[in-house]
Amino acid sequence: MLKFIRRLFETLKRLDGILTREYFGSFNGFFLVFVGIIAFAGIGKVIDDYFGINVFFRIAAFILGTFIYSLMPFAVYTEGKIRSFIVFGKKEKHTDIMKNFTFKSYIIFLFVFSYLAIFPMIGIPILFTIFNIEFLGVFLASNAVGVIYTNFVLISILWFSFHIVYSTVSLQKVRSRIAQYIAIGSTLTLIFNIHNIKDASFLMSCLLISYFWIQYLIELREEEIKTSMEDVF
């Protein structure tokens, strides 16, 4: 699993290098790929006009749509910037914010990247209608909420995976943060279900939440002890 995640990040890094590298003058890989797809679409159109074979034009349209839905959001994320406090403050690149193991970094990455990732998750399956494959679009239309929630889950895992794989912080710190988020999330879930207060399971939920907070305090104390020992040595 760790090898797969590491390869995923390395692939994204290489892709970013290919797209941003300048090859001919000021033309970078992103522009050259776009021009190549347009040229292929032009050839496909000529073949369609003269021979009535539109398969090449359909493939070109699919590739162009995939390029727009996936690489455009990827470029916006890697090159885009956001202000430190969303609407004011110094501008920071999304990729730089991701490298910080902070709550602000997590929230910004979760919502910004989830927003950008939803384009290929929804757009690419819809593009299959070019080949008269419509069941993917129908599935998305009937499970849109589930797709969005799944997107949030995957992006959350991606952010924590980055810090775990590249060891930007200690694993103890990651455990402490996870314990904190579990405790907070469980507490909020309980508040949202306060109307079930007469249910016997509500009492058990309250006890479980207390255990989550205790677990968080234990992890926090272990982190504190480990930090103090490192300072001594």
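These legends go with four close-up views of a predicted model.

**View 1. Helix 2 lies against helix 3.** Here we're looking at residues 29-51 (helix 2) and residues 55-79 (helix 3), whose axes sit 8 Å apart and pack at an angle of about 160 degrees. Angles over 145 degrees count as roughly antiparallel, so helix 2 is roughly antiparallel to helix 3. The crossing of this pair is left-handed. On the helix 2 side, look for Phe30, Val33, Phe34, Ile37, Ile38, Phe40, Ala41, Gly44, Lys45 and Ile47. Helix 3 answers with Phe56, Phe57, Ile59, Ala60, Ile63, Leu64, Phe67, Leu71, Met72 and Ala75. Sort the contact residues by class and you get 18 nonpolar, one polar and one charged. The charged one is Lys45, and the polar one is Gly44.

**View 2. Helix 5 meets helix 6.** This view takes in residues 103-127 (helix 5) and residues 135-142 (helix 6). Their axes come within 7 Å and cross at roughly 145 degrees, and the crossing is left-handed. From helix 5, the residues to pick out are Met121, Ile122, Pro125 and Ile126. Across from them, helix 6 brings Leu136, Gly137 and Leu140. The tally for this contact is six nonpolar, one polar and no charged residues, with Gly137 as the polar one.

**View 3. The largest pocket holds about 980 Å³ of space.** There are 33 residues in its lining, and those closest to the pocket centre are Phe9, Leu12, Phe74, Phe113 and Leu158. So which elements give two or more residues to the lining? They are helix 1 (2-20), helix 3, helix 4 (94-98), helix 5 and helix 7 (144-165). Helix 1 gives the most, putting in nine residues. Class by class, the lining of this largest pocket comes out at 24 nonpolar, five polar and four charged residues.

**View 4. The second largest pocket holds about 200 Å³ of space.** Around this one you'll find Phe103, Tyr106, Ser156, Phe160, Ile178, Tyr181, Ile182, Ile184, Gly185 and Leu188. Helix 5, helix 7 and helix 8 (171-192) each supply at least two residues of that lining. Which helix gives the most to the lining of the second largest pocket? That's helix 8, with six residues. By class, the walls of the second largest pocket have eight nonpolar, two polar and no charged residues. If you want to find the two polar ones, go to Ser156 and Gly185.

Definitions and conventions. Residues numbered from 1 in each chain as written. Predicted model: local features only at pLDDT ≥ 70, side-chain atom pairs only at ≥ 80, totals over all residues. Heavy atoms only, no water. Axes fitted to C-alpha atoms, helices over the stretch in contact; angles between N-to-C directions. Helix = DSSP H or I, 4+ residues; strand = E, 2+ residues; numbered from the N terminus. Parallel < 35°, antiparallel > 145°, perpendicular 65-115°, else oblique. Left-handed = near helix turned anticlockwise from the far one by under 90°. Contact = heavy atoms within 4.5 Å. 1 Å grid on protein atoms, 1.4 Å probe; cavity = no way out; pocket = protein on both sides within 12 Å on 5 of 7 lines; lining within 4 Å. Points joined across faces, edges and corners; volume = space filled by probe spheres on them.
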